[in-house]
Amino acid sequence: VERTIYYECSSTAYYWNDGGGYARMMCDCDYDYGNRVIMNQTATEFIVKNLSSFSWYEFYVRISTKDGTTGRVFRSYSNWVTVRTEEDGPSGTARNLVVYGVSGSELLVTWKEMLCTNINGILTKYVIYYKRDDEAYPRTADVSPDSTNDTLSNLKSNTEYSVWMQAFTIVGGG
């Protein structure tokens with residue numbers, strides 16, 4: 001399904017295919033006042049804001065000039081340029097975190113993988129944090145980004161633990 005969204009500060013159009021992970025953007029450098037980003041004659045750059053992290057975008061520029069004598073409009077188009085925005089920390093973490101008692105000194109932690117839209121890069125690991133109420137700082141267990149469970153061992157028997165987790169990319173945790 002192809003959709004068109006008009007950007008807030010102008011009429012810059014973004015086009016993307018929901019299934020393909022690509023976005024397309026058209027930026028017009030034009031003298032008429034249609035549905036376009038109007039830039040002055042000397043503009044050599046345009047900053048596009050509010051793009052998604054670690055996403056592919058395709059851009060092209062159309063330049064139009066109007067002959068002052070005849071009124072004829074001449075247009076020139078650049079090639080499409082494909083770029084990827086920088087990686088960021090996740091905007092969420094694993095879903096449906098559940099903790100089960102396996103034995104007196106072990107807990108099994110299970111979860112469902114993160115939504116792709118929340119990763120914002122390449123997932124490098126999960127960190128499970130766990131602590132007793134009488135501990136000032138949590139202990140941690142680093143877990144592979146492909147895992148959906150881990151067992152916490154050597155715990156104090158018959159003791160309640162708080163357990164939570166965080167996802168990480170190379171930029172940091174989210």
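A surface patch is made of residues with over 30% relative accessible area and no salt bridge, with nonpolar side chains joined within 5 Å. The exercises below concern a predicted model.

**Exercise 1. Identify the residues that make the nonpolar surface patch of about 230 Å², and classify Leu97 as buried, partly exposed or exposed.**

Solution.
Step 1. The patch is made by Leu97, Val99 and Trp164.
Step 2. Leu97 is located in strand β7, which spans residues 95–103.
Step 3. Buried means under 20% relative accessible area and exposed means over 50%, with partly exposed in between.
Step 4. Leu97 has a relative accessibility of 34% and therefore counts as partly exposed.

**Exercise 2. Determine which residue of β12 is the bridge partner of Tyr129, and describe how β12 pairs with β9 and β13.**

Solution.
Step 1. The bridge partner of Tyr129 in β12 is Trp164, and Trp164 also contributes to the nonpolar patch of Exercise 1.
Step 2. Strands β9 (residues 125–132) and β12 (residues 161–169) run antiparallel and are joined by eight bridges. Among the paired residues are Lys125 and its partner in β12, Phe168.
Step 3. Strand β12 also pairs with β13 (residues 172–173), in the antiparallel sense, over two bridges. Here Thr169 has Gly172 as its bridge partner.
Step 4. The connection from β12 to β13 is a hairpin of two residues.

**Exercise 3. Establish how β9 is connected to β10, and whether Arg132 is buried or exposed.**

Solution.
Step 1. Five bridges pair β9 with β10 in the antiparallel sense, and a hairpin joins these strands through six residues.
Step 2. Within this pairing, Ile128 stands opposite Ala141 of β10.
Step 3. Strand β9 is mostly covered, with seven of its eight residues buried.
Step 4. Arg132 lies in β9. Because its relative accessibility is 18%, Arg132 counts as buried.
Step 5. The side chain of Arg132 forms a polar contact of 2.9 Å with the side chain of Asp134.

**Exercise 4. State which residues touch the most other members of the largest nonpolar core, and which strand gives the largest share of this core.**

Solution.
Step 1. In soluble globular proteins, nonpolar side chains tend to be buried together.
Step 2. The largest nonpolar core has 18 residues, and those touching the most other members are Trp111, Tyr126, Ile128, Tyr130, Leu152 and Val163.
Step 3. Two or more residues of this core come from each of β8 (106–112), β9, β10 (139–143) and β12.
Step 4. Strand β12 gives the largest share, four residues.

Key:
Residues are numbered from 1 along each chain as its sequence is written. This is a predicted model: local features need pLDDT of at least 70, side-chain atom pairs count only at pLDDT 80 or more; totals for chains, interfaces and linings use all residues. Side-chain values use heavy atoms; hydrogens and water are left out. Patches are made of residues with over 30% relative accessible area and no salt bridge: like charges are joined within 9 Å, nonpolar side chains (Val, Leu, Ile, Met, Phe, Trp, Tyr) within 5 Å. Accessible areas come from the Shrake-Rupley method with a 1.4 Å probe; for residues, only the protein chains shown count as cover. A salt bridge is a side-chain nitrogen of Lys or Arg within 4 Å of a carboxyl oxygen of Asp or Glu. Buried means under 20% relative accessible area, exposed over 50%, partly exposed in between (1.4 Å probe, protein chains only). Two strands pair if DSSP finds at least two bridges between them. A nonpolar core is a set of buried Ala, Val, Leu, Ile, Met, Phe, Trp, Tyr and Cys residues joined through side-chain atoms within 4.5 Å. A polar contact is a pair of N or O atoms within 3.5 Å; within protein, one must be able to donate a hydrogen and the other to accept it, and residues adjacent in sequence count only if both atoms are side-chain atoms.
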